[in-house]
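Trainee: Could you take me on a close look at one part of this structure? I'd like to hear about the pocket with the most space in it, and about what sits around it.

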Amino acid sequence: MRLLFLAVLRPHTGNAVTAERLRDHLEAAGHMCVLRDAFDFESPSDIANLITAENLEAALALHLYRGGRLLQGHGIPFGVIFGGTDLNEDANHKEKNEVMGRVLEEARFAVAFTEAMKDTAQVQWPHAKGKIFVQSQGIATIPNANFNWNTFLQQSEIDQNPDNLYVFLIICGLRPVKDPLYLVDAFSEWHQEEPSVYMVIVGPEVDPVFTREVKDRVRRAAGVRLVREMCQEDLHAVVKSCFALVNSSVSEGMSAAILEAMDLEVPVLARNIPGNSAVVEHGVTGLLFSNPQEFIQLAKRLLSDPALEKEIVTNGREYVRTHHSWQVERDTYQRLIRKLEASLED
């Protein structure tokens, strides 16, 4: 089949990485997949022109509002995947909620990353019961074996002996929903007491106004560094070398960075929000914090308790291997796309 796949494709963001992985799954089943950025299209009529020009037979959208609304009314079968902000934020806006409800009426299937996301969607749009499937993110990590950690530290202006250094890493696009500044003041205070701890924030500049605020705050914060986005292989190498991965988001669908850290055997400290608590079991596969003070307490505990670190890392890796299989994800999407093929034959 010739498929259109719409997603938000800002480079080096979780959505873009997920979209590229899913495209690989579909192409492996022999489909021709045209992956396009939803932000390149103003209205469904732009999509209609693309469907005609590319002779597209079916479609898939990642993010119910940004992508899904563009697929309505073209007479081709489509499926949708919930992103996170569509359910956690857009659903609270009356107009967007109604648009997404109509998208779900027309969609042949919808995919949620967690049971909790599925439950939320079914409460919002009861008519969608029966067409929402749960498929967690499939994880495969590929750290660059030639990556030089010492060079990375020098470029990040961290002049600390790597043998006595604890880097807490935040990976996120710079936008308010990711809240990378949430821990900055508390962490900076801790760094002044304990110079061997650093926080490094890595990610693309998504929101220009917010990015200026982040740069300004980080410039004045001791022990906190901001690093531009990097390719997936290098990023995985950084994760593997850091002491812990941190997620301080206000809202998440399912954080691939958390799952990748678990796969790479790095402990996770995550803000206690529904998207994070769905994958991090406190004290078992990671640590959950509800405020900056609690984060510092847990980070100190992790530093001083190697047995806890070892247990979390072992459990985290086992959890990812069991529940976030790349192969299971591939099988699910290939099966769901067959629903679109079947509706073309009807």
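Mentor: Sure, let's start with a term: a residue counts as lining a pocket if it has an atom within 4 Å of one of the pocket's grid points, and a helix here is a DSSP run of at least four residues, numbered from the N terminus. Keep in mind that this is a predicted model.

Now, the largest pocket holds about 330 Å³ of space. Its lining takes in 18 residues, and Val17, Glu20, Arg21, Ile142 and Gln232 are the closest to its centre. Which elements give two or more residues to that lining? They are H1, helix H9 (232-241) and H14. H1 contributes the most, with 5 residues. Sorted by class, the lining comes out as 9 nonpolar, 4 polar and 5 charged residues.

So much for the pocket itself; now look at how two of those helices meet. H1 covers residues 14-28 and H14 covers residues 326-345, and they pack at an angle of about 60°, with axes 9 Å apart. From H1, the contact uses Arg21, Leu22, Asp24, His25, Leu26 and Ala28, while H14 brings in Trp326, Glu329, Arg330, Tyr333, Gln334 and Ile337. Split by class, that contact has 6 nonpolar, 2 polar and 4 charged residues. The crossing of H1 past H14 is right-handed.

Notice Arg21: this residue is among the closest to the pocket's centre, and it is also one of the H1 residues touching H14.

Methods:
Residues numbered from 1 in each chain as written. Predicted model: local features only at pLDDT ≥ 70, side-chain atom pairs only at ≥ 80, totals over all residues. Heavy atoms only, no water. Axes fitted to C-alpha atoms, helices over the stretch in contact; angles between N-to-C directions. Left-handed = near helix turned anticlockwise from the far one by under 90°. Contact = heavy atoms within 4.5 Å. Nonpolar A, V, L, I, M, F, W, Y, C, P; charged D, E, K, R; others polar. 1 Å grid on protein atoms, 1.4 Å probe; cavity = no way out; pocket = protein on both sides within 12 Å on 5 of 7 lines; lining within 4 Å. Points joined across faces, edges and corners; volume = space filled by probe spheres on them.
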